[in-house]
Structure formats: structure tokens, C-alpha cells
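Let's take a walk through this structure together. Keep the viewer open and follow along as we go from one element to the next.

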Amino acid sequence: MADTRVLRIAMNGITGRMGYRQHLLRSILPIRAQGGIVLDDGTRLTVEPVLVGRNAAKLEAIALEHGVEEWTTDLDGVLEDPSIDIVFDASMTSLRAATLAKAMRAGKHVFTEKPTAETLTEALELARIRQEVGVTAGVVHDKLYLPGLVKLRRLVDEGFFGRILSLRGEFGYWVFEGEHQSAQRPSWNYRAEDGGGMTTDMYCHWNYVLEGIVGPVRSVASRSVTHIPTRWDEAGREYEATADDAAYGVFELETPAGDPVIAQINSSWAVRVHRDELVEFQVDGTHGSAVAGLTRCVAQHRSHTPKPVWNPDLPVTESFRDQWSEVPANEEIDNGFKLQWEEFLRDVAAGRDHRFGLLSAARGVQLAELGLLSSAERRTVDVPELAVHAAAHDDHVVAPDAGDAGATGVGDRAAGAVAEVAR
Ligand SMILES: NC(=O)c1ccc[n+]([C@@H]2O[C@H](COP(=O)([O-])OP(=O)(O)OC[C@H]3O[C@@H](n4cnc5c(N)ncnc54)[C@H](O)[C@@H]3O)[C@@H](O)[C@H]2O)c1
């Protein structure tokens with residue numbers, strides 16, 4: 001009979017939106033229910049969650065409802081518990097770096113929501129600790145596992161686009177202010193002092209999406225704004241929205257062949273959707289173009305490209321959307337979070353690195369910080385390459401050309417990070 005191995009996972013922040021829905025309900029519980037995963041050597045790897053949080057009543061109710069045996073409000077205790085193999089964190093962003101650092105120092109593998117930290121300094125320190133202690137670390141890069149982006153990446157791999165010229169992304173929807181209708185996102189998202197803000201939240205996603213589809217980001221010119229200055233929280237109290245609720249960015253990318261690509265991404269919680277999906281990316285190349293959302297992807301080859309003629313005197317006579325062909329999945333693509341969890345669990349079992357780790361996450365935090373700096377100083381900012389140097393405490397960043405610092409307001413955090421990079 002094949003061997004069975006159980007990985008015990010302490011899951012922190014499990015009462016929150018992401019922790020509960022995507023990680024517990026859609027990933028860990030289904031992995032447990034399907035009897036785990038079978039490794040290459042025939043070993044069956046199963047999982048056992050231990051729920052961690054502040055609110056005992058909520059944890060107990062979730063544990064009861066889903067047949068989870070263990071839960072605790074003692075985060076420090078669970079980090080020291082030798083029976084725990086993996087620590088997962090989906091708590092508030094501002095609390096994350098401390099939890100992950102403690103967990104790794106206690107020898108735990110870590111899997112975490114993004115962003116890994118509020119500053120690049122902290123994010124890089126996490127990558128350095130991981131390298132020092134040698135655990136496996138994974139950071140949610142969920143968008144790259146979604147069917148739409150899997151298809152888009154396949155088109156890139158197959159050379160469908162020819163030379164890629166540009167990428168355009170449109171992300172957003174209307175988030176209610178909370179006064180007459182409750183807001184559909186937590187109020188801390190709109191308070192800078194609590195780690196909120198569109199740029200901080202989404203640029204770490206866009207960094208790995210851009211890297212994963214086209215290539216690394218070499219520069220950023222961005223504008224972060226707060227369109228809605230007053231919102232109402234979960235208790236119906238009015239509060240000042242101190243964080244940005246929209247970010248308009250232009251990014252210069254470089255393909256593996258060394259070609260420059262211009263990417264533009266609009267991110268906003270103050271727009272109404274006239275799109276097929278809440279996020280869409282269009283890639284245009286010399287030989288073809290494609291538009292991908294979270295699930296669908298459509299493409300138009302050079303040989304199928306119509307020749308529209310600009311004539312404002314006539315109404316449009318053709319249906320442009322009908323001129324694109326659906327890109328098929330050709331395989332079943334499971335929930336993106338679950339797929340990444342399964343890959344991460346295999347990496348933990350094999351004792352190897354996960355392909356989306358803390359350094360990739362640090363680049364995401366870096367892009368958010370430099371985006372905020374660009375906005376505060378109204379200029380294009382180069383993105384220096386990052387690397388972690390083992391066991392070096394104060395020169396662990398390789399950054400040849402970091403620019404200067406000195407922003408105020410929203411850019412202060414960014415300025416600190418650039419100083420760190422330049423050190
Ligand atoms: N991958 C994605 O697409 C995605 C989407 C949204 C959010 N996120 C990330 O997931 C994380 C959680 O976001 P969310 O939307 O689920 O938020 P949420 O507010 O719904 O959940 C936050 C969790 O943290 C806990 N928490 C809040 N304040 C705390 C405190 N002071 N001390 C201890 N625990 C506290 C809450 O109880 C809850 O369990 C954030 O870091 C966010 O950036 C990722």
C-alpha cells in the first residue's frame with residue numbers, strides 16, 4: 001500500500017474574505033475531501049487545517065460547519081507548535097510580515113496572500129530570512145492560474161503574437177461608499193494607515209501578471225488618486241478614505257528576446273463596468289492580438305484582421321467583437337488558488353523552492369512603492385533589479401540605478417523603499 005503523509009497547515013486570517021472563501025473553502029477543504037494529492041513516488045499527500053484567528057466564536061463556528069477539528073486564537077503558540085508544517089496567512093496586510101518572519105524562523109514552510117509586506121524593505125527581509133532558513137515559501141499569484149491568463153500565456157508560448165508591441169489592462173468596478181448600500185470590500189482597503197489602497201493592493205498582482213505574460217517591468221509612470229474621499233465602514237460610521245481608490249499606470253516591459261513592450265493598466269474602484277469581465281488584458285503583436293479576462297480569451301490573427309476605415313460621418317457597420325475567435329481551454333482548469341496550493345504542497349513534499357516565492361512578491365511590493373513614488377513626484381521611475389544576498393544584513397539588495405527619494409504624503413513610504421534599494 002502506498003504511503004500517506006499529512007501536512008498540518010495553520011491557517012491565519014481564515015474568517016476574512018480571501019482566507020475563508022478562496023483558501024479554506026475552495027482550496028484546502030476540497031484538497032482534503034479529494035483525499036489529497038498523489039506524488040510522483042506514489043505517496044498520498046493529505047492536508048489537515050488548523051484554523052487561527054482572533055475571534056474564538058467565529059473560528060469555532062467555521063470549524064464546526066466544515067468538520068475542521070482544531071482551531072486556536074493563539075497565533076504565537078501555533079507558530080511554535082512542532083506538529084505544524086505550514087503556516088498560511090491571509091490576515092490584514094499590515095500584520096503579515098511579522099507573522100511570516102516568525103513562522104519561517106520557527107522552521108515552518110509558508111504560503112501567503114499578497115502583498116507580503118507593506119514596504120520593500122520588509123518584503124526583501126522576508127526573502128532573505130527564507131534563504132537563510134531554507135524553508136519553502138509560496139505567495140499567491142492566483143491570476144496566472146486562471147483560465148483566461150493560462151490561455152493568454154499559451155498564445156505567447158506558441159508565438160501567436162509575433163513581436164509583442166503592447167498590453168492594455170482594465171480592472172475595476174464600482175465599490176459602494178457604504179452610506180445607502182453596504183460596501184462590498186472591507187473598509188481598511190480605503191485607509192492608508194491600515195495598509196489599504198489600490199496601488200498597494202493591485203500593483204503586486206500586475207507585476208507578476210506582466211512578468212508572467214510578457215516580461216519584467218523596467219519602469220513605471222503612474223498616478224494614484226482618491227476619487228471618493230468619504231466612505232462608511234462596516235458599522236455604518238463615516239470615515240475619511242485616506243488611501244487611493246484608483247491608479248493609472250504605464251509600464252515599460254522587456255520580453256525575453258529583449259524587445260520593449262508598453263503596458264498600460266487602469267485600476268479603479270470608482271468605475272462602472274462596460275466589459276465582459278472585471279479585469280481584461282489586451283495584448284497586441286505584429287502577427288495577432290488577444291483579449292483575456294479571468295476565464296475567457298479571444299484572439300484575432302493577422303490574416304483575419306479586418307481593415308476598418310475611419311469615417312465619423314457613418315455609423316459603425318461591422319460588429320468588431322464578432323471578429324474574434326474563442327481560444328479553447330482544451331483541458332479542465334480548476335480553481336486558480338487550489339491549483340497553486342497543490343503545486344506548493346508538491347514543492348514542500350519535495351523540499352524544493354516554489355516558483356512564485358518571496359522575491360517575486362518583493363518585486364510586486366517594489367512596483368507598488370515605485371508607482372506611488374512616480375505619482376507623488378509626477379515622473380517616470382526606473383525599476384531596479386532585486387536580488388537577495390545570503391546572510392548579508394545590510395546590503396541584500398542589488399540596485400544599480402535607484403533614483404532619488406524625498407517624496408511627501410503618499411510617496412513617503414515609497415521614498416523610504418527607494419532609499420533602501422539605493423543603499
Ligand atoms: N489574491 C487576491 O486576489 C486578493 C484579493 C483580495 C485581498 N487579498 C489579500 O488578502 C488579505 C486579506 O484581505 P481580505 O479582503 O480577505 O480582508 P478581510 O478584511 O476580509 O480579512 C482580513 C482578516 O484579517 C483579520 N484581521 C483584521 N484585523 C485584524 C487585526 N487587527 N488583528 C488580527 N487579525 C485581523 C480578520 O479577522 C480577517 O480574518 C489582504 O492582505 C489582501 O491584500 C488578496
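Start with helix H8, and bear in mind that this is a predicted model. H8 has 15 residues, which at 1.5 Å a residue should span 21 Å, and the C-alpha atoms at its ends do sit 21 Å apart, so expectation and model agree. Plenty of this helix is covered: Gly336, Phe337, Lys338, Gln340, Trp341, Glu342, Phe344, Leu345 and Val348 are buried. Right after H8 comes Gly351, with a positive phi near 70°.

Now zoom out to see where H8 belongs. The domain assignment splits the chain into domain 1, made of 4–142 plus 336–357, and domain 2, covering 144–326. Their centres, taken over C-alpha atoms, are 28 Å apart. Twelve residues from domain 1 and ten residues from domain 2 make up the contact. On the domain 1 side, helix H4 (93–105) and H8 (336–350) each bring at least two residues to the part touching domain 2. Which helix gives the most there? That would be H8, with three residues. Sort the residues on this side of domain 1 by class and you get four nonpolar, five polar and three charged.

H4 turns up again around the ligand, where this helix and helix H1 (17–33) each supply at least two residues of the shell. H1 gives the most to that shell, with three residues. The shell holds 19 residues, and the ones that come nearest to the ligand are Gly16, Arg17, Met18, Glu113 and Pro186. By class, the mix around the ligand is six nonpolar, seven polar and six charged.

While you're looking at H4, pick out Ala98, which sits in this helix. Is Ala98 buried or partly exposed? It has 13 C-beta neighbours inside 10 Å, so it counts as partly exposed. For a sense of scale, try Ala98 against Pro308: they are 210 residues apart along the chain, and their C-alpha atoms are separated by 56 Å.

Next, have a look at the pair of strands E5 (residues 86–89) and E6 (residues 109–112), which run parallel to each other over four bridges. One of the bridges joins Ile86 to His109 in E6. In a regular strand, side chains alternate between the two faces of the sheet. E6 shows His109 and Phe111 pointing one way and Val110 and Thr112 the other, with all of them buried.

A bit further along the chain is helix H5 (residues 120–133), and the length check works here too: 14 residues at 1.5 Å a residue should span 20 Å, and the end C-alpha atoms are 20 Å apart, which agrees. H5 is mostly covered, with twelve of its 14 residues buried. Among the buried ones are charged residues such as Glu122, Glu125, Arg128 and Arg130. Just after H5, Gly134 has a positive phi of about 75°.

Finish with the open sheet of nine strands, which has mixed pairing and runs in the order E17-E16-E15-E14-E8-E13-E12-E9-E18. Why do E17 (325–326) and E18 (381–382) each have one side without a neighbour in the sheet? They stand at the edges and have a single partner strand each, so one side of each is left without a neighbour. Further in, E14 (residues 279–285) and E15 (residues 288–292) pair in the antiparallel sense over four bridges. Gln282 has Val291 in E15 as its bridge partner.

Note on methods
Residues are numbered from 1 along each chain as its sequence is written. This is a predicted model: local features need pLDDT of at least 70, side-chain atom pairs count only at pLDDT 80 or more; totals for chains, interfaces and linings use all residues. Domain bounds come from an automatic or database domain assignment. Two residues are in contact if their C-beta atoms, placed from the backbone, lie within 7 Å. A residue is near a molecule or strand if its C-beta atom, placed from the backbone, lies within 6 Å of it. The expected span of a helix is 1.5 Å times one less than its number of residues. A residue is buried if 20 or more other C-beta atoms lie within 10 Å of its own, exposed if 12 or fewer, and partly exposed in between; C-beta atoms are placed from the backbone. Two strands pair if DSSP finds at least two bridges between them.
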